[in-house]
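Biologist: Hi! Could you walk me through this model? I have a few quick questions.

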Amino acid sequence: MLGGQARGLQTVSLPDLPYECDALEPAISGEIMQIHHQKHHQTYVANTRLLPLLLQAISEADVSTNVQLQSTIKFNGGGHINHSISWKNLTPIIDGGGEPPREVLGSAIDSQFGSLEALIEKMNAEGAALQGSGWVITAKAFAINKVTNKTLLLQDPLITKGASLVPLLGIDVWEHAYYLQYKNARAEYLNNIWKVVNWKYASEVY
Amino acid sequence: MGSCFYNSHLLVTQVNTCQLPPLCKQRRRQINGSQRAAKVVAYHGFKTPPYKLDALEPYISKRTLEIHWGALHCAYVEGLDKQLGKSDVLYGYTMDELVKATYNNGNPLPEFNNAAQVWNHDFFWESMQPGGGGMPIQGLLEQIEKDFGSFTKFRENFIEAALSLFGSGWVWLVLKREEKRLAVIKTSNAITPLVWDDIPIICLDMWEVSNYISPHLMLFLFHSSE
């Protein structure tokens with residue numbers, strides 16, 4: 001009976017970083033990347049593997065375990081999804097980090113926000129204003145073919161904001177994403193992260 | 001300087017910057033709010049913890065306190081001062097009153113986040129003491145044993161709450177006023193049990209910054225005189 005569930009288990013694993021831990025310096029320190037990836041993200045992965053226990057609780061009609069695990073998996077699964085995408089959202093400067101988007105995505109941003117700078121300013125403002133833990137996301141709303149930004153709390157995945165939304169770029173504003181390097185200067189972290197944003201990847205998704 | 005209205009105590013509105021020690025303190029018996037001995041400072045004063053910054057080592061490092069208190073807590077005070085400076089409406093409130101008023105029955109005003117976080121952090125520093133740990137005594141211990149079964153069970157309860165908190169928040173031992181019993185509760189972001197008129201006894205900051213710089217065990221040190 002658990003065979004099918006075990007199959008699901010094998011696909012949940014920590015993806016490798018597409019670059020060395022220190023490749024995003026000085027914007028993001030190697031220390032942060034290492035801990036963020038190998039501790040935080042790894043924990044989300046490990047806890048997402050509790051999924052078979054949730055399925056078991058459902059089949060046994062164990063409601064309280066069911067409910068508890070649902071929130072654990074929503075949180076950790078969301079964390080795994082969000083972080084897996086976010087590693088691809090960044091890239092070292094030598095590989096094009098920070099280079100503005102061109103072509104279709106570039107024009108879409110210009111026409112909808114006025115300019116790339118305007119989008120960045122909006123993202124930074126929302127990121128700075130977020131109280132507690134969450135993400136700021138630039139997404140494509142496929143249903144209406146538009147670029148939009150959203151704020152996510154905790155580790156809620158983007159899908160919770162709309163079924164046709166696909167993330168182009170996500171910036172983690174949990175304290176663990178910047179504290180070791182920037183201390184409480186979240187605004188400074190936000191200003192600097194744009195230097196290593198991978199617009200190429202965002203364009204591909206778009 | 002404006003005039004004080006209905007409050008019976010004087011409040012001095014000197015603005016404290018984070019470089020200066022708090023200038024003006026006045027003690028008065030509080031008629032509501034927390035049970036601890038009330039210290040009313042100019043409401044935008046930046047209080048220092050009641051011990052040196054290295055006094056909680058090895059559990060909480062001096063570095064953590066320098067950043068957590070010296071930068072982050074300070075930023076909340078400065079943020080609050082800026083907001084309060086813009087409007088007379090909240091003039092003359094004590095910190096307890098300010099937190100409750102800006103909570104606005106669940107529809108928080110913009111000042112709430114800063115006010116509550118200042119309050120929470122002031123309380124957090126006082127929830128710990130050098131050479132602390134050990135056991136609570138007398139009335140508090142009896143109440144803990146009554147409401148949790150034993151101190152060990154309470155401690156387990158508290159740790160479990162801390163470890164199961166998603167995102168940013170706080171864990172509290174509160175005295176629930178209506179039910180007249182102790183409870184362990186978790187709150188998100190800046191929320192504090194003060195807004196429900198319950199009485200906090202101790203709290204633990206579970207925002208990541210609290211244990212990030214110095215990732216030691218979460219050994220919390222009880223203030224034993226409540």
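**Chatting through the two chains**

Modeller: Happy to! One thing up front: this is a predicted model. Over residues 47-128 of chain B, the chain is 60% helix and 0% strand, with its end C-alpha atoms 15 Å apart.

Biologist: What feature does UniProt place at residues 47-128 of chain B?

Modeller: The UniProt record, an unreviewed entry, lists "domain: Manganese/iron superoxide dismutase N-terminal" there.

Biologist: Let's pick a residue. Is Phe123(B) buried or exposed?

Modeller: Phe123(B) is buried, because its relative accessible area is 2% and the cut-off for buried is under 20%. Phe123(B) is part of helix α3 of chain B, which covers residues 111-126. The C-alpha atom of Phe123(B) is 7.2 Å from that of Cys203(B), although 80 residues separate the two along the chain.

Biologist: OK, changing topic. How much area is buried between chain A and chain B?

Modeller: About 1500 Å², with carbon and sulfur atoms giving 60% of that. Chain A brings 16 residues to the contact and chain B brings 15.

Biologist: Which three residues supply the most of the area that chain A buries?

Modeller: Gln131(A), Glu175(A) and Tyr179(A), which together supply 36% of what chain A buries against chain B.

Biologist: And how many salt bridges are there between the chains?

Modeller: Zero between chain A and chain B. There are, however, four residue pairs in polar contact across that interface.

Biologist: Which helices of chain A supply at least two residues each to that side?

Modeller: Those are α2 (30-48), α4 (63-88) and α7 (179-182) of chain A. The most comes from α4(A), with three residues. By type, the side of chain A that touches chain B has six nonpolar, eight polar and two charged residues.

Biologist: How many salt bridges turn up in the whole structure, then?

Modeller: Six over all chains. One of the salt bridges joins the side chains of Lys74(A) and Asp156(A), at 3.5 Å from N to O. Lys74(A) sits in helix α4 of chain A and Asp156(A) in the loop between β2 (146-153) and β3, so this pair ties together parts 82 residues apart in sequence.

Biologist: How accessible are those two?

Modeller: Lys74(A) has 46% relative accessibility, so it counts as partly exposed. Asp156(A) is also partly exposed, at 22%.

Biologist: Back to chain B. What links Lys100(B), Arg177(B) and Asp197(B)?

Modeller: A network of salt bridges. Lys100(B) pairs with Asp197(B), their closest N and O atoms being 2.9 Å apart. That pair links distant parts of the chain, 97 residues apart: Lys100(B) is in helix α2 (residues 95-103) of chain B, and Asp197(B) is in the loop between β4 (181-188) and β5 (199-205).

Biologist: And where does Arg177(B) come in?

Modeller: Arg177(B) lies in the loop between β3 (169-176) and β4 of chain B, while Asp197(B) is in the loop between β4 and β5, so their pairing ties together parts 20 residues apart in sequence. The closest N and O atoms of Arg177(B) and Asp197(B) are 3.5 Å apart. Relative accessibility is 25% for Lys100(B), which is partly exposed. Asp197(B) is partly exposed at 34%, and Arg177(B) is partly exposed at 33%.

Biologist: Last one: which residues of helix α8 in chain A are buried?

Modeller: Arg186(A), Tyr189(A), Leu190(A), Asn192(A) and Ile193(A) are buried in α8(A), which runs over residues 186-193. The buried residues of α8(A) pack against α6 (116-129), β3 (165-172) and α7 of chain A.

Notes. Residues are numbered from 1 along each chain as its sequence is written. Chains are lettered from A and ligands numbered from 1 in the order in which they are written. This is a predicted model: local features need pLDDT of at least 70, side-chain atom pairs count only at pLDDT 80 or more; totals for chains, interfaces and linings use all residues. Side-chain values use heavy atoms; hydrogens and water are left out. Helices (H or I, at least four residues) and strands (E, at least two) are DSSP runs, numbered from the N terminus. Buried means under 20% relative accessible area, exposed over 50%, partly exposed in between (1.4 Å probe, protein chains only). UniProt positions are given in the numbering used here, feature names are shortened, and annotations may be inferred rather than shown by experiment. Contact means heavy atoms within 4.5 Å. Buried area is the accessible area (1.4 Å probe) that two parts lose on being put together, summed over both. A salt bridge is a side-chain nitrogen of Lys or Arg within 4 Å of a carboxyl oxygen of Asp or Glu. A polar contact is a pair of N or O atoms within 3.5 Å; within protein, one must be able to donate a hydrogen and the other to accept it, and residues adjacent in sequence count only if both atoms are side-chain atoms. Ala, Val, Leu, Ile, Met, Phe, Trp, Tyr, Cys and Pro count as nonpolar, Asp, Glu, Lys and Arg as charged, and the others, Gly among them, as polar.
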